[in-house]
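Please load the model in your viewer and keep a selection panel at hand. The stops below go from a pocket to the ligand, each with something to select.

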Amino acid sequence: MPGQGMLILLSGPSGSGKGTVCSRLINTLRGIRLSVSATTRQPRPGEVHGRDYYFMSREEFEKLTGEGGFLEWAPIYGYLYGTPAGPVREALSRGEDVILEIDVQGGLQVKEHFPDAVLIFLIPPSRSALQSRLMARGTESQPEIEKRMLWADTELGFIPRYDYVLVNDRISDTVAVVRCIVEAERSRSARFRLPQDW
Ligand code: 5GP
């Protein structure tokens, strides 16, 4: 809808660098904000409630689900993750763009309700690079890393449902391409609204 902000989704295997791309993007581009998801998993060292995630119990999460409080939600690695609907809808109606860093299950749910959403899929340069990144990150145990590698193989099957796919080799190049995609999508005639004094 013209005048409304745009939804941008960034998906890709855990360890593909989505978090870094998102934070660099919002620091270098105006008019875009990052949605903070809710999750039932435990915070990792250094993660802050309300900044990295809204950490909640399964009961709290399920209550919110029942009240229609999520734009989308999905079970991932045994936990629940979801996008709180209110802040996203409010930002969009103010004309701000919103970026969601969510998995492929959530990506498809959002695309169904917001057909104009722009879907970007990020992949690491190789399977072994992904494994090395997950190991170097040191935030997951070996069984967790194996779970994430297996799920990564499934996620790659969703690439044809996405509008863009980027190989995240050099982070600065990837951020530059994502910025170009956002700028180009903002310039679509369908999103254009004439200035009031025209
Ligand atoms: P992590 O536990 O490593 O922070 O995230 C695990 C996965 O959950 C990542 O692939 C991330 O993109 C996904 N994720 C984070 N927030 C959401 C959300 O709100 N909805 C969905 N569907 N996936 C999410």
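How do the residues of the lining of the largest pocket divide into nonpolar, polar and charged? In this predicted model, the lining divides into ten nonpolar, eleven polar and 13 charged residues.

To see that lining, select the 34 residues around the largest pocket, and then highlight Lys-18, Gly-19, Arg-44, Tyr-53 and Glu-101, which lie nearest its centre. The space in this pocket comes to about 960 Å³.

Next, colour the helices α1 (18-28), α5 (127-137) and α6 (142-156) together with the strands β5 and β6, since each of these elements supplies at least two residues of the lining. The largest share of the lining comes from α1, with four residues.

Now display the ligand, which sits in this largest pocket. Select the 17 residues around the ligand, and within that set pick out Ser-37, Arg-41, Tyr-53, Tyr-81 and Asp-103, which come nearest. This shell divides into six nonpolar, four polar and seven charged residues. The strands β5 (70-76) and β6 (79-84), already coloured as contributors to the pocket lining, each supply at least two residues of the shell as well.

Zoom in on the side chains for the polar contacts. In the side chain of Arg-41, an N or O atom is 2.7 Å from an oxygen atom of the ligand, while for Arg-44 the corresponding distance, again from a side-chain N or O atom to a ligand oxygen, is 2.9 Å. Turn then to Glu-72, where an N or O atom of the side chain is 2.7 Å from a nitrogen atom of the ligand. As a last step, show the surface of the ligand: taken alone, the ligand exposes 510 Å², and the protein buries 96% of that.

Technical notes: Residues are numbered from 1 along each chain as its sequence is written. This is a predicted model: local features need pLDDT of at least 70, side-chain atom pairs count only at pLDDT 80 or more; totals for chains, interfaces and linings use all residues. Side-chain values use heavy atoms; hydrogens and water are left out. A residue is near a molecule or strand if one of its heavy atoms lies within 4 Å of it. A polar contact is a pair of N or O atoms within 3.5 Å; within protein, one must be able to donate a hydrogen and the other to accept it, and residues adjacent in sequence count only if both atoms are side-chain atoms. Accessible areas come from the Shrake-Rupley method with a 1.4 Å probe; for residues, only the protein chains shown count as cover. On a 1 Å grid over the protein atoms alone, a cavity is a set of points where a 1.4 Å probe fits but cannot get out, and a pocket is an open set with protein on both sides within 12 Å along at least five of seven lines; lining residues have an atom within 4 Å of a point. A molecule sits in a cavity or pocket if more than half of its atoms lie within 2 Å of its grid points. Ala, Val, Leu, Ile, Met, Phe, Trp, Tyr, Cys and Pro count as nonpolar, Asp, Glu, Lys and Arg as charged, and the others, Gly among them, as polar. Grid points are joined across faces, edges and corners, and a volume is the space filled by probe spheres set on the points.
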